[in-house]
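Before following individual contacts, it helps to settle how the terms for solvent exposure are used. Please keep the sequence and the model side by side while reading.

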Amino acid sequence: MRARHHNTAHRSTAQLHISQVTFSRPDQTILRDISLTVGPGDRIGLTGPNGAGKSTLLAIGAGHLRPTAGVVGVIPATATVGLLSQEVVGRPAESVGQFIERRLGITAAAETLEEATAALARDGLDGDGVHPSPSDRYDEALQRWLALGAATFDERLPPVLADLGLGTDKADQMVGSLSGGEQGRAGLAAIVLAQFDILLLDEPTNDLDQAGLKKLEALLLGRSAPFVVVSHDRKFLERTVTSVIELDANDRTARRFEGGWAAFQKERAVAAAHEQRRFDDYQDKLGSLKARAQTEREWSAKGALRAARFPRDNDKTIRSFNIEQSENLAGKARRTERAMERLDVVDKPWEPWRLNFAFGTAGRSGDVVVWLTDAVVKRGSFTLGPLSLEIRSGERIQIEGPNGCGKSTLIDAILGLVQLAGGERHLGPSVTIGQLDQRRRLGEGEGSLLQAVEETTGGSVEECRSVLAKFGLDSDHVARPTTELSPGERTRANLAVFQIRGVNTVVLDEPTNHLDIEAIEQLESALGRFDGTLIVVSHDRAFLDNLEISRVISLA
């Protein structure tokens, strides 16, 4: 028996075929008649608004979801397709090493191999002639286990963790004890170690610092295997993808654009302009024909009435001529109406829901929002400080630094969410803070979203429902526990709180995570109009470029 080994230096020849796939739930069609091929050399960006079905399509491509209709297949049949999903969530008592093994499919492959080995020992080599023999099942399980890199995983893991700055000791540490940035790097480690023939990535840039983003970009550009990636990071997409598949949230279909992210944006803008022009031309022609038909009808009716009521000298010839002229005008009106019917109908271009909001204002704060004097924060073995800091009203501050340097810890110190081990913190007068943290926490326990927003803001049921609806959170969303909402839905709920309650200081920790690109652009617009104080942690380079940051606080 010959083991199948991967050599990433060779160009991958694997192909993933998705043919006429539809995926529906009882109350909604998520994807409709989607066909696409992912093959050698493909570097595809998958885009579309939240809820358009991006994660669903990736899960179907990886075999994690069965489509309602259509066919999914790979060539060759032994090719592996791997999906690395967007949320880095470890299971209880799961170490970093175990977490990465599970994400790479090694855990499941090992279980299948153990079952096949037991069956082979129990039943022997030969089968019943109808089903695959125990030896065939064992061979298939072993080949998949080897293809996923399981045989060398233990020796490949430590240097990867070390290279990513996690340290080899993190392999046995529980995932839940890691910081957000460390969890992001654990997710990146899985991508580095992946030996899938085709790689599907769902928001891999979340929680990565600039060094992590550069490593991810270099890794993907250096891979021979094709990949499909969902990301909100526009600069990352500009640097990595050569084609874009856009999911349409209206008709639930997909369209492919070649030429990379910039070419996609340009071509989509041109297509939208053409679509609008066709609709405008149609409306102009239709309006002109309607006006002509109405005029011809009015002239015909007036002429016939005049001929009947005011015959000239009882001259039958003149009266007959006037009546004939009115009938001719009526005929022209009918011909004009038939011309309207022959027009090719052009529907009005569909306008998607947009996150269009402004921060509720709470009045101006004092000149100084907060100041720290020789502040020290201790969290386990990690110590931040001592540091002194003053933030003044109206400043737009970016906190930057590598993962694990204490950016989120500094935010907690600024907000008074952590007890100082040394030094002092003072909050200025009339400061009203709105915070969006990495975990998108909102409310506690199993209460509904509506209850959480009411308790957080003090707003009425009607006001909370109305504002949440503006953020795309309808009656179904508001009745569900916040723990059941997607990360993007929780992000929008937190932003809705800012509008209901009113704030003059906004603190955002990785705000673009889990938002679609259109929503990020709307957030940029709202922040551009916001005249309060802004404190932001973000690794989204395009987002930061659009914020007009006035001061950068760098942590080493």
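A residue is called buried when its relative accessible area is under 20%, exposed when that area is over 50%, and partly exposed in between. The model shown here is a predicted one, and every value below should be read with that in mind. By this cut-off, E217 is buried, and R541 is buried as well.

Those two residues are a good place to begin, since the side chains of E217 and R541 meet in a salt bridge, with a distance of 3.0 Å from N to O. E217 lies in helix α7 (residues 210–222) and R541 in helix α17 (residues 541–545), so this pair ties together parts of the protein that are 324 residues apart in sequence. The pair also belongs to a wider arrangement, for E217, D233, R239 and R541 are linked in a network of salt bridges.

A second pair that spans the sequence is formed by E518 and R268, whose closest N and O atoms are 3.5 Å apart in a salt bridge. Because E518 sits in helix α16 (residues 517–529) and R268 in helix α9 (residues 261–309), the pair ties together parts that are 250 residues apart in sequence. R268 counts as partly exposed, because its relative accessibility is 28%.

Another salt bridge joins the side chains of R102 and E94, with 2.8 Å from N to O. Here the two partners fall into separate classes of exposure: R102 counts as partly exposed at 24% relative accessibility, whereas E94, at 7%, counts as buried. In total, the structure holds 15 salt bridges.

The wider setting of these pairs can be given in a few numbers. The protein has 17 helices and 17 strands, and buried residues make up 47% of its 556 residues. Among contacts with a separation of 6 or more, 71% are between residues 24 or more positions apart.

Turning to how helices pack, consider α12, α13 and α15. Helix α12 (residues 449–457) packs against α13 at an angle of about 115 degrees, with the axes 10 Å apart, which means that α12 is roughly perpendicular to α13. Their crossing is right-handed. On the α12 side the contact is made by L449, L450, V453, E454 and T457, and these meet V461, C464, R465 and L468 in α13. By class, the residues of this contact divide into six nonpolar, one polar and two charged.

Helix α13 (residues 461–470) also meets helix α15 (residues 487–501), where the axes come within 9 Å and cross at roughly 130 degrees. That angle makes α13 oblique to α15, and the crossing is right-handed. In this contact E463, C464, V467, L468 and K470 of α13 meet A493, A496, Q499 and I500 of α15, and the residues comprise six nonpolar, one polar and two charged. C464 and L468 of α13 therefore appear in the contact with α12 as well as in the contact with α15. A general feature of helices is useful when looking at such contacts: an α-helix has 3.6 residues a turn, so residues three or four places apart point the same way.

Helix α1 (residues 54–61) offers another view of burial. Seven of its eight residues are buried, so the helix is largely enclosed by the rest of the structure; the buried ones are K54, T56, L57, L58, A59, I60 and G61. Just after α1, G63 takes a positive phi of about 85 degrees.

The backbone has further points that deserve a careful look, given that most residues other than glycine have a negative phi, and most peptide bonds are trans. D33, in strand β2 (residues 28–38), has a positive phi of about 55 degrees although it is not a glycine, and D33 counts as partly exposed at 45% relative accessibility. E203 likewise is not a glycine and has a positive phi of about 55 degrees; E203 is placed in the loop between β6 (198–202) and α7 and is buried, with a relative accessible area of 8%.

As for peptide bonds, the one from I75 to P76 is cis, with omega near -5 degrees, and P76 is found in the loop between β4 (69–75) and β5 (81–84). The bond from G385 to P386 is also cis, with omega near 5 degrees, but P386 is found in strand β11 (residues 382–392).

Notes:
Residues numbered from 1 in each chain as written. Predicted model: local features only at pLDDT ≥ 70, side-chain atom pairs only at ≥ 80, totals over all residues. Heavy atoms only, no water. Axes fitted to C-alpha atoms, helices over the stretch in contact; angles between N-to-C directions. Helix = DSSP H or I, 4+ residues; strand = E, 2+ residues; numbered from the N terminus. Parallel < 35°, antiparallel > 145°, perpendicular 65-115°, else oblique. Left-handed = near helix turned anticlockwise from the far one by under 90°. Contact = heavy atoms within 4.5 Å. Nonpolar A, V, L, I, M, F, W, Y, C, P; charged D, E, K, R; others polar. Salt bridge = Lys/Arg side-chain N within 4 Å of Asp/Glu carboxyl O. Buried < 20%, exposed > 50% of the residue type's maximum accessible area, 1.4 Å probe, protein only.
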